[in-house]
Amino acid sequence: MLKVAESLNSLIASSLFTSSRDTLTGARRSSRLVMLRSQCIPLLAATLVLLMMTACSGGGGGSNSAQSPTITKQPANQAVTIGQTATFSVTATGTAPLTYQWSANGTAIAGATSSTYTTAATVIGDNNSQFTVTVSNSAGTATSNAATLAVTVSLPVITVQPTSVNVCSGASLTLSVTALNASTYQWSFNGSPIAGATSSSYFIASATATNAGSYTVTVTNAAGSVTSQAATVLVGTSITSNPVSLSIAQGQTASFSVAAAGEPPFSYQWYVTAPASSTGAAIAGATSSTYTTPVELLASSGSQYYVTVTDTCGKILTSTSATLTVTAGNVPPTITTQPVSQTTAIGGTPTFTVTAVGPPTLTYQWYRIPVGTINGVAIAGATAATYTVPAADTTTANDQDGYYVIVSNNYGQATSQTAVLAVGTGIQITKQPATVYVSAGGSATFSVTATSSLPLTYQWFEAAPGSASFSAITGATAATYTQASTATTDSGSVFHVVVSNGSSTSVTSSSASLFVGPLASIGNLCAGWLPRGSALAPSPSCTVQLSSASTFQSGEIVWPNLISTGNLQLSFTVTTSDSTTPPADGYAMTFGDPSLGATTNSVGLNGSGLGAEGIAGVVIAFDDYHDVNDPPVPYIGVGRGEISLWENLYFIANTNIPPLATAGATVSHDYVVSIVQGMMTVTMDGLQLFSGSVTVPPVAYLYFNASTGDFYEQTVISNFSATQTAPSN
């Protein structure tokens, strides 16, 4: 183009000014002509060049024209679940810059001006919406094909369940739920819809006893409905378990208990109404949820016991009265004061003491469990109510040795709790973790108290419900561990803590369990129980045959759900018939420990194993065949189910009982077994056989077992009922 301009410039110059042969030849150019040439020639040249460029362009067909948009990739249809977002995109070519405008159902979407567009969280009304995009530049526009948005609906998902709550009478409360994909809500009380309760929360302005009960909420959308877990509302406090009347033999103690639910912490005061009196008198110092009487004589028969429970709202409740009947009879010893764990210096001589009552004559035998073992060894000459450990047995190698004593008379025996001896810098746990009962969503705190002359470290462990596998809890390295939030699926978990000081033997605490939400009921024998071994299915009258009148039978039934043993009462009848002479072998009730491997498929050995031997846990044995090292039969004893501990140590045993089976006769006995915070009481036909401290697994599978060997009897269980409640504080 520059050359064209130069050529035009030369042409114009030759046209304006002639050569030397023209009239101006030889003449002096005037300054005016020179100026005209210098100004006009470039201007004319530029004008002609512009005209030529315009002519060449021909109205837009030249190589330098703007190109209108062309869509090379159309927006695609999208399908999402309600609540999700959807993203549409387009690809286009054309002369830059390109601009975009997205539209939904023909209406421009404000701010949707890029090559992609993401919707807001979708609702069901967005289904089948049509999305287009218009692409523009200086040369024109292009509109995409329509892309369809499909919005599908899934069932609502409840992410936060309603939480159980206890409130004082007159207080306000709010129940709430959080759910995804929710369209409507309907709250229900004890299974019936609440009129007008159709939001995600339900508010009670002033709670009364009529508001106490079970609340659920049903969340609905176009796909269907989902109902929440039940939240229990307790208003004020109620007594859930009253003291139970007892019949004991003179020389025994009697234990009464109460359980309350509502607004803890609770305070207690026990009262006794003497025979022939109508006025109760407060018992000094009887201020816990359980009360154990002194040794009772015949003169105490007819006394009545009751307790008042005061909650944090200030409400006072009074239990029903329990009557104590005292009869003449011979019973095994009862331990009233247990030996206490101690810490001693190396070479020290600590003394352990036990206090027991019962018909004379009481005898004593102390045992030592060497550290690292499980069976006790009788200590020669240790046959008094006290035992002093010699200096030779308080070396560093004796740290964590255990000591217990068996107290006996002609009618049975009682075994004390094991007292642990810490030597030197040894660790002593002075307060074990306790089982925790919380509402769903609440926090749960476990704690341990331990002493040592050295700094202590801690590591908490947890086994899932029904599991025997413990795993260290990350970060749980203090004397207290809190699980910030709980769910019903956590119910039955087991916790313990290992305490160390870097020098002495590490010590593992007792196990404690976690129960979340209301405790489930234990069903009667009509349905739900699992028969194992030779046990039959329930009869139409809701009785179960555990073993038949044939040799080498082992049968059991097991409740399929884990139970709490904190406050438990079980009633049942066992009937034997078609017995040989002698009868054999007996029956048992077992609290299987899942953290030690007990499952709903565990089956014990036949013969002397009573169908329970081999199931880890605590067994109440009803034995009518004498094996080597057995107490005199028939007897009822409480011991361990592990094979290595079977009949090796009875915590309590009563040998002064009526026959459990008799050849040619049908024998039936009614039993009540109650466990209240580690205190077990067993009655037979209304008479207390024994009451004492027994360490039962905090969470357990419940079994009824029976077996035969070379001799036999048919064993049938019936009339079963159970009550389990959370212990009061």
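## Exercises on bonds, rings and holes

With a relative accessible area of 32%, C313 counts as partly exposed (buried is under 20%, exposed over 50%, partly exposed in between, using a 1.4 Å probe on protein chains only). The model is predicted, so local features need pLDDT of at least 70 and side-chain atom pairs 80 or more, while totals for chains, interfaces and linings use all residues. Numbering starts from 1 along each chain as its sequence is written, and side-chain values use heavy atoms, without hydrogens or water.

**Exercise 1.** Find the partner of C313 and work out which parts of the chain the link ties together.

*Solution.*
- Step 1: Look for a disulfide (two cysteine sulfur atoms within 2.5 Å). The sulfur of C313 sits 1.8 Å from that of C168.
- Step 2: Check the torsion. It is -85 degrees about the S-S bond, making the link of C168 and C313 left-handed.
- Step 3: Place the ends among the strands (DSSP E runs of at least two residues, numbered from the N terminus). C168 is in the loop between β12 (165–167) and β13 (173–176), and C313 is in the loop between β28 (304–310) and β29 (316–318), so the bond ties together parts 145 residues apart in sequence.
- Step 4: Add the accessibility of the other end. C168 comes out partly exposed as well, at 25%.

**Exercise 2.** Do the same for C526, then write down the pairing pattern of the disulfides.

*Solution.*
- Step 1: C526 is bonded to C542, again with 1.8 Å from S to S.
- Step 2: This link of C526 and C542 is right-handed, at 105 degrees about the S-S bond.
- Step 3: The loop between β50 (512–516) and β51 (530–533) holds C526, and the loop between β51 and β52 (544–547) holds C542, so the parts tied together are 16 residues apart in sequence.
- Step 4: C526 is partly exposed, with 37% relative accessibility.
- Step 5: The structure has 2 disulfides, and counting bonded cysteines along the chain gives the pattern 1-2, 3-4.

**Exercise 3.** List the salt bridges and say whether each side chain is buried or partly exposed.

*Solution.*
- Step 1: Search for a side-chain nitrogen of Lys or Arg within 4 Å of a carboxyl oxygen of Asp or Glu. The whole structure gives 2 such salt bridges.
- Step 2: R368 meets D401 with 3.0 Å from N to O. R368 belongs to β35 (363–369) and D401 to β38 (401–409), so the contact ties together parts 33 residues apart in sequence.
- Step 3: The ends of this bridge differ in class: R368 is partly exposed at 22%, whereas D401 is buried at 1%.
- Step 4: R640 meets E642 at 2.7 Å, N to O. R640 is buried at 17%, and E642 is buried at 17% too.

**Exercise 4.** Classify the ring contact of F622 and Y671 and find the cluster that holds them.

*Solution.*
- Step 1: Count the aromatic pairs (Phe, Tyr or six-membered Trp ring centres within 6.5 Å; planes under 30 degrees apart are stacked, over 60 edge-to-face, the rest tilted). The tally is 30.
- Step 2: F622 and Y671 have centres 4.7 Å apart and planes at 65 degrees, an edge-to-face pair.
- Step 3: F622 lies in β57 (617–623) and Y671 in β60, 49 residues apart.
- Step 4: Both rings are out of the way: F622 is buried at 1%, and Y671 is buried at 1%.
- Step 5: Ring pairs join F622 and Y671 with W529, W559, F572, Y587, F704 and F720 in a cluster.

**Exercise 5.** Describe the largest cavity: its volume, its lining and the strand that gives the most.

*Solution.*
- Step 1: Use a 1 Å grid over the protein atoms alone; a cavity is a set of points where a 1.4 Å probe fits but cannot get out, and lining residues have an atom within 4 Å of a point. Points join across faces, edges and corners, and volume is the space filled by probe spheres set on them.
- Step 2: The search finds 3 cavities of 30 Å³ or more, and the largest has about 90 Å³.
- Step 3: Its lining has 15 residues, with I335, A414, I652, S691 and G692 nearest the centre.
- Step 4: β31 (334–337), β39 (412–415), β59 (650–654) and β62 (687–693) each supply at least two lining residues; β62 gives the most, with 5.

Terms used. On a 1 Å grid over the protein atoms alone, a cavity is a set of points where a 1.4 Å probe fits but cannot get out, and a pocket is an open set with protein on both sides within 12 Å along at least five of seven lines; lining residues have an atom within 4 Å of a point. Helices (H or I, at least four residues) and strands (E, at least two) are DSSP runs, numbered from the N terminus.
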